[in-house]
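Grab a coffee and work through a few short exercises on charged pairs and surface patches. Try each task on your own before reading the solution.

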Amino acid sequence: MVAMRGTLKGRDVISINDFSREEIDHILKVSDGIEKDLDSKFGLLSGKILSILFFEPSTRTRMSFESAMYELGGRCIDMGPTELTSVKKGETFSDTIKVISKYADVMVLRHPSDGAARYASEISDVPIINGGDGTGQHPTQTLLDLYTIKKESKLDGANIGILGDLKYGRTVHSLVYALSMYGIDMTFISPPDLSLPEEIKEDLDDKKISYEECDKIEEVIEDLDVLYVTRIQRERFPDILEYKKVSGSYKITKDILEGGVKEDLIILHPLPRTGEIDPDVDDTKYARYFLQTKYGVVVRMAILGLILGGFE
Ligand code: CP
């Protein structure tokens, strides 16, 4: 599906780089309007159908898109586990996309291969939303991350630390590109083997965006306004022994926070977590990761409404 830039109606959401800062700001503004007056939005997508095609596990992305569609009065059809579909009989990805695009007005797709969402957008009759493609991007996660940072801290001029698996983490990849559109100081904190891919750093260098890198959160945490933590993406490692070398190599605990952080630090995580934030941190004033998941519904309502013409 190809639509003109300048409007979100009929647009695919494949990469955060396909959107200007003005367009992102508009999505955040529409999300805020929805959050302030949620009840009046029911019925805006009445008669519209969202199809959900997930070739990888998901809790938040799948269910928050469903919730968003129902909040707007639309309906969802979910392909379900691939083992129960004709994929199991050998139907190609391309045929699957072509067929399901006849059943719905918009499609959200998650797939283990980088570029799968872009490819799907070239053959689908309806807009494709990338719900995560391999180690590529997760642009709607990024939009809800930005919304959370804007609501709970600040976007312009913030000092943001991104901790964890920066090599394989697709939420990080799209977030870094989005933050590069704002005047944000970024610090990348990871085990050396999981640092941000060179091509993303080259893109930042080309845009004259400065950043710092280190491998110990304790070295930088006192200067951060936002700490964005990610899990190690075990499923992306070609060799389990390589995963074992870095597993458990960082963990945010109350002790680390008590060692000195800004009063208004916020801690985010796209979730799921697998041990990198101690549950004791959940009750501190810094934790925002469960609120972040809640914001995912209004942001996905904005995305669906803008794509399908329910909002301007
Ligand atoms: N943050 C995120 O994408 O979570 P899920 O994998 O549960 O959708």
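The exercises below deal with salt bridges and one nonpolar patch in this predicted model.

**Exercise 1.** Work out which parts of the chain the salt bridge between Arg 62 and Asp 78 ties together.

*Solution.* Start with the contact: the two side chains, Arg 62 and Asp 78, come to 2.5 Å, N to O. That fits the cut-off, since a salt bridge needs a Lys or Arg side-chain nitrogen within 4 Å of an Asp or Glu carboxyl oxygen. Next, place the partners: Arg 62 sits in helix H2 (residues 60–71) and Asp 78 in strand E2 (residues 75–78), so the bridge joins parts 16 residues apart in sequence. Last, check the cover: Arg 62 is buried at 17% relative accessibility, while Asp 78 is partly exposed at 35%.

**Exercise 2.** Find the helix that holds both Glu 198 and Lys 201, and say which partner is buried and which is partly exposed.

*Solution.* First, the pair: Glu 198 and Lys 201 form a salt bridge, with 3.3 Å between the closest N and O atoms. Then the location: both belong to helix H7 (residues 198–206) and are 3 residues apart, about one turn of the helix. Now sort them by accessibility. Lys 201 has a relative accessible area of 7%, so it is buried, the limit being under 20%. Glu 198 comes out at 48%, which makes it partly exposed.

**Exercise 3.** Locate both ends of the salt bridge between Lys 262 and Asp 225, and give their separation in the chain.

*Solution.* The bridge itself spans 3.0 Å, N to O, between the side chains of Lys 262 and Asp 225. Lys 262 is in the loop between helix H9 (254–258) and strand E9 (266–268), and Asp 225 is in the loop between strand E7 (211–214) and strand E8 (226–229). These are distant parts of the chain, 37 residues apart. As for cover, Lys 262 is partly exposed at 30%, and Asp 225 is buried at 7%.

**Exercise 4.** Zoom out: how many salt bridges does the whole structure hold, and which residues join Asp 32 in a network?

*Solution.* Searching the whole structure turns up 20 salt bridges. Asp 32 is networked with Glu 35, Lys 36 and Lys 151.

**Exercise 5.** Name the residues of the nonpolar surface patch and place Tyr 103.

*Solution.* Ile 77, Val 99 and Tyr 103 make up the patch, about 260 Å² of surface. Tyr 103 lies in the loop between helix H3 (93–100) and strand E3 (106–111). With a relative accessible area of 51%, Tyr 103 is exposed.

Conventions: Residues are numbered from 1 along each chain as its sequence is written. This is a predicted model: local features need pLDDT of at least 70, side-chain atom pairs count only at pLDDT 80 or more; totals for chains, interfaces and linings use all residues. Side-chain values use heavy atoms; hydrogens and water are left out. Helices (H or I, at least four residues) and strands (E, at least two) are DSSP runs, numbered from the N terminus. Buried means under 20% relative accessible area, exposed over 50%, partly exposed in between (1.4 Å probe, protein chains only). Patches are made of residues with over 30% relative accessible area and no salt bridge: like charges are joined within 9 Å, nonpolar side chains (Val, Leu, Ile, Met, Phe, Trp, Tyr) within 5 Å. Accessible areas come from the Shrake-Rupley method with a 1.4 Å probe; for residues, only the protein chains shown count as cover.
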